[in-house]
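Reader: Could we go through this one label by label? I'd like to hear the reasoning behind each term.

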Amino acid sequence: MPDETPSGPDPTPAPGRRGRGPLIAVLAVVLLLVVAAGGAFWFLRGQDDLAPVAAPANSTTAAEPSADADGAEPPPSAPAPESSADPRFAKVGQCVRNDAAAGAKPKLLITECAAKSYEVLSRIDGATSGERDAEAKCDKVPGYTNWYFFDSELDTLDFVLCLKQR
């Protein structure tokens with residue numbers, strides 16, 4: 001009888017050789033998460049540029065300072081760097097000025113206290129729902145003439161400034 005030993009390759013599978021499917025799936029999920037996180041960051045970063053809204057307690061607007069009796073303009077001062085001049089950093093006792101055109105949305109910048117500037121009498125951090133809320137909060141501050149509020153999608157960034165025109 002002939003010897004019945006197989007003469008071909010060993011029928012056992014080669015060690016260490018599995019499909020690459022699970023590895024590709026894991027890499028695809030990681031890549032998708034990185035792209036989603038980058039998109040979310042880009043979207044939320046743009047939310048910081050929301051235009052704040054302001055309105056006065058009286059019929060004049062914060063954008064329209066009253067003219068001095070002598071009509072003299074104070075000498076222009078150089079604005080501070082954007083990060084330190086931003087009204088988000090305004091503190092009680094500091095002054096702000098409106099650099100927006102008349103009738104436009106206010107663009108406040110922290111400045112030195114001078115004629116036609118607004119002194120910050122009170123700063124109220126926390127969620128605000130808009131003009132009525134800002135006015136109601138400032139009604140409790142004696143001597144205020146104008147108010148300014150910043151309303152963001154993140155309530156922790158919201159604030160109201162109660163201002164007094166100088």
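Author: Gladly, and please keep in mind that this is a predicted model. A nice place to begin is the link of C95 and C113, which is right-handed, with 95 degrees about the S-S bond.

Reader: What makes C95 and C113 a disulfide?

Author: The sulfur atoms of C95 and C113 are 1.9 Å apart. A disulfide calls for a pair of cysteine sulfur atoms within 2.5 Å, so C95 and C113 qualify.

Reader: Which parts of the chain does the pair C95 and C113 tie together?

Author: C95 belongs to strand β2, residues 95-98, while C113 sits in the loop between β3 (108-111) and β4, so the link ties together parts 18 residues apart in sequence.

Reader: Is C95 buried or exposed, and how do you know?

Author: C95 has a relative accessibility of 0%. Buried means under 20%, so C95 is buried.

Reader: And what is C113 called, on its relative accessible area?

Author: C113 comes out at 36%. Partly exposed covers values between 20% and 50%, so C113 is partly exposed.

Reader: How many disulfides does the structure hold?

Author: Two. C138 is joined to C162, with an S to S distance of 2.0 Å, and that value also meets the cut-off of 2.5 Å.

Reader: Which parts of the chain does the pair C138 and C162 link?

Author: They are distant parts: C138 is in helix α3 and C162 in strand β6 (residues 159-165), 24 residues apart. The link of C138 and C162 is left-handed, with -95 degrees about the S-S bond. Both of these cysteines are buried.

Reader: What pattern do the disulfides follow?

Author: Counting bonded cysteines along the chain, the pattern is 1-2, 3-4.

Reader: Let's turn to salt bridges. How do you know that R88 forms a salt bridge with D86?

Author: The closest N and O atoms of R88 and D86 are 3.1 Å apart. The cut-off is 4 Å between a side-chain nitrogen of Lys or Arg and a carboxyl oxygen of Asp or Glu, so R88 and D86 form a salt bridge. A further detail is that the backbone nitrogen of R88 lies 2.8 Å from a polar atom of the D86 side chain.

Reader: Where is D86, and is D86 buried or exposed?

Author: D86 is in the loop between α2 (82-85) and β2. Its relative accessibility is 14%, so D86 counts as buried. For R88 the value is 30%, so R88 counts as partly exposed.

Reader: How many salt bridges does a search of the whole structure find?

Author: Five. One of them is formed by R123 and D125, with closest N and O atoms 2.8 Å apart. At 25% relative accessibility, R123 counts as partly exposed. D125 has 51%, and exposed means over 50%, so D125 counts as exposed.

Reader: What separates K137 and D133 in helix α3?

Author: About one helical turn, because K137 and D133 are four residues apart in helix α3. Their side chains meet in a salt bridge at 3.1 Å, N to O. K137 has a relative accessible area of 19%, which is under 20%, so K137 is called buried.

Reader: What makes β2 and β3 a pair of strands?

Author: Four bridges join β2 to β3. Pairing needs at least two, so β2 and β3 pair, and they run antiparallel. Within this pairing, V96 stands opposite I110 in β3.

Reader: Which residues cover the two faces of β3?

Author: L108 and I110 are on one side, L109 and T111 on the other, and all of them are buried.

Reader: Why is G130 called buried?

Author: The relative accessible area of G130 is 7%, under the 20% cut-off, so G130 is buried. G130 lies in the loop between β4 (118-125) and α3 (131-138). The C-alpha atoms of G130 and D158 are separated by 10.0 Å, with their positions 28 residues apart along the chain.

Reader: Last one: which residues make the nonpolar surface patch?

Author: V26, V30 and V34 make the patch, which is about 260 Å². Of these, V26 lies in helix α1, residues 21-47.

Note on methods:
Residues numbered from 1 in each chain as written. Predicted model: local features only at pLDDT ≥ 70, side-chain atom pairs only at ≥ 80, totals over all residues. Heavy atoms only, no water. Patch = residues over 30% accessible without salt bridge, like charges linked within 9 Å, V, L, I, M, F, W, Y side chains within 5 Å. Areas by Shrake-Rupley, 256 points an atom, 1.4 Å probe, with all protein chains shown as cover. Buried < 20%, exposed > 50% of the residue type's maximum accessible area, 1.4 Å probe, protein only. Polar contact = N/O pair within 3.5 Å; in protein donor to acceptor, adjacent residues only side chain to side chain.
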